Amino acid sequence: MMRSSALINKETLAHICLHIGVTNTFLAQRIHIAEDTIAKWLAVDDTALPTLNQAKMLAKVLKVPFAGLYMSKECININQLPNLRNLRTIPAGVAIDDSALNLAIVDLIRARDFLYTSEEELGLVKVALSLPAISDTATSTEYAGHIRKFFGIELDAQFRFTSTRQFYLYVRGQIERKGIFIHCFTGVEVEAVRGIALYDETNPIIGINDNDHYPAKTFSIIHELVHILKRQSTLCNDMHSSFAVQDEEVFCNAVAGEVLVPTDSLIAYFSAHTLSGISLDNIKIVADRFRVSREVIIRRLLDTGCISKDAYDTYSNEIRHSFEQEREAARVARQEGRGEPIPRNISREAVDMNSTAICRILLVGYGEGYFSKQDVSGLLGIKEKHIPKFIEEVAKW
């Protein structure tokens, strides 16, 4: 039985791939089709066409409406990829296909535009962008002080939170109150990109990798915030090293560390609690107190002169080894059928991934009947049965 071809507009398909920056290799891997076949689909002068199901898969991967593949390219609204400085640390000789990253960037811009369109249609006042004036000659400590004060990131509040998730949501919310859009992106390996800064004079965006852990997400937010304050659009992946290759990354890491763990507070905490020296156990105690990762604490201890570079390397290796042991133990337990897997909290994942502002606009729009439960489900990408819990959590803010 022959499968009917999808009579898509091949010129439109090629136009989408070109402007988003998606390679044939990426598409071939995602929809499990030979690369030369993909090339024929994109060649306007070739008669080869995908089947209906293959065309639907293409639309899904490219994150465009299926009907859009049949339209003229002039009717397709595709956000232009912005110019970004690549500040990532990538091993020499390693080639990276950034197709997934480019799709993630387009998604970030699309999410921001959705927010502003929804606010306008609901008659809500858009939060005006407000940024602190910080001298270009400010030290990392001075920079961090301005950020804490301007965005209202209070140490007392930080200590009151009982989880790293709560602190992440708090930091995200405090910064978004000043008109900076913060949203998570998916589909990209953490090692490839942890954070994205898209500077705009009125509508800047901070993108955070959704696959990262809460402490890392919080750190990345502050790191990318520094880039925004410096009017920079960047790609970053080196958020845990004090010895990043790029000077900008060294500075952003230093500022983020000082914001999350102020030097005076770090030293005072060790002194006040008379911790028996610096050890992995005490490092964990301090990390839990500040709601950050152990990696951040050892870097802060190094930056403040409390430990040597050799000690830093030792603790870093021990932390990495401990993490790998825990991950291997969990893997073995799953193979042997020991231990119940922690059930996913779908509504919470939706809250964590989506901008604070988008969560609120969905709450307001749903309450006023502008968005139906089906609308919210489609916008969040979760089933309708999870919407009540999503609304319940956002309503508490």
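Strands E3 and E4 make a hairpin, with six residues sitting between them. This is a predicted model, so treat what follows as a walk through computed geometry.

The two arms of that hairpin, E3 (residues 195-198) and E4, pair in the antiparallel sense over four bridges. One of the pairings puts Leu 198 across from its bridge partner in E4, Ile 205.

Zooming out, the hairpin belongs to an open sheet of five strands, ordered E1-E5-E3-E4-E2, and the pairing is mixed. Strand E1 (85-86) and strand E2 (181-185) are the edge strands, each with a single partner strand, so one side of each has no neighbour in the sheet.

Take the E2 edge. E2 runs parallel to strand E4 (residues 205-209), and five bridges join the two. Ile 182 has Ile 206 as its bridge partner in E4, while Phe 185 stands opposite Asn 209 in E4. At the other edge, E1 runs parallel to strand E5 (residues 234-236), joined by two bridges. There, Asn 86 has Leu 235 in E5 as its bridge partner.

Is E2 mostly covered or uncovered, given its five residues? E2 is mostly covered, with five of its five residues buried. In a regular strand, side chains alternate between the two faces of the sheet. On E2, Phe 181, His 183 and Phe 185 lie on one side and Ile 182 and Cys 184 on the other, and all are buried. E4 is largely enclosed by the rest of the structure, because five of its five residues are buried. From E4, Ile 205, Gly 207 and Asn 209 point one way and Ile 206 and Ile 208 the other way, and all of these are buried.

Now for some helix packing. The axes of helix H6 (residues 140-151) and helix H9 (residues 214-229) come within 12 Å and cross at roughly 95°. That crossing makes H6 roughly perpendicular to H9. The contact brings Tyr 143, Ile 147 and Phe 151 in H6 up against Leu 225, Val 226 and Leu 229 in H9. By class, the residues of this contact of H6 with H9 are six nonpolar, no polar and no charged.

On to the charged pairs. A search of the whole structure turns up 15 salt bridges. Here are some of them, with N to O distances:

| Acid | Base | N to O distance |
|---|---|---|
| Glu 393 | Arg 165 | 2.8 Å |
| Glu 258 | Arg 300 | 2.4 Å |
| Glu 349 | Arg 344 | 2.6 Å |

What does the salt bridge of Glu 393 with Arg 165 link? The pair links distant parts of the chain, with Glu 393 in helix H18 (residues 387-395) and Arg 165 in helix H8 (residues 164-176), 228 residues apart. Both Glu 393 and Arg 165 are buried.

Glu 258 lies in helix H10 (residues 247-260) and Arg 300 in helix H13 (residues 294-303), so this pair ties together parts that are 42 residues apart in sequence. Both Glu 258 and Arg 300 are buried.

For the third pair in the table, Glu 349 is partly exposed, with a relative accessible area of 32%, and Arg 344 is exposed, with a relative accessible area of 61%. Elsewhere, salt bridges that share partners join Lys 63, Asp 107 and Arg 110 into one network.

Notes: Residues are numbered from 1 along each chain as its sequence is written. This is a predicted model: local features need pLDDT of at least 70, side-chain atom pairs count only at pLDDT 80 or more; totals for chains, interfaces and linings use all residues. Side-chain values use heavy atoms; hydrogens and water are left out. Axes are lines fitted to C-alpha atoms, for helices over the stretch in contact, and angles run from 0 to 180 degrees between N-to-C directions. Angles under 35 degrees count as roughly parallel, over 145 as roughly antiparallel, 65 to 115 as roughly perpendicular and the rest as oblique. Contact means heavy atoms within 4.5 Å. Ala, Val, Leu, Ile, Met, Phe, Trp, Tyr, Cys and Pro count as nonpolar, Asp, Glu, Lys and Arg as charged, and the others, Gly among them, as polar. Two strands pair if DSSP finds at least two bridges between them. A salt bridge is a side-chain nitrogen of Lys or Arg within 4 Å of a carboxyl oxygen of Asp or Glu. Buried means under 20% relative accessible area, exposed over 50%, partly exposed in between (1.4 Å probe, protein chains only).
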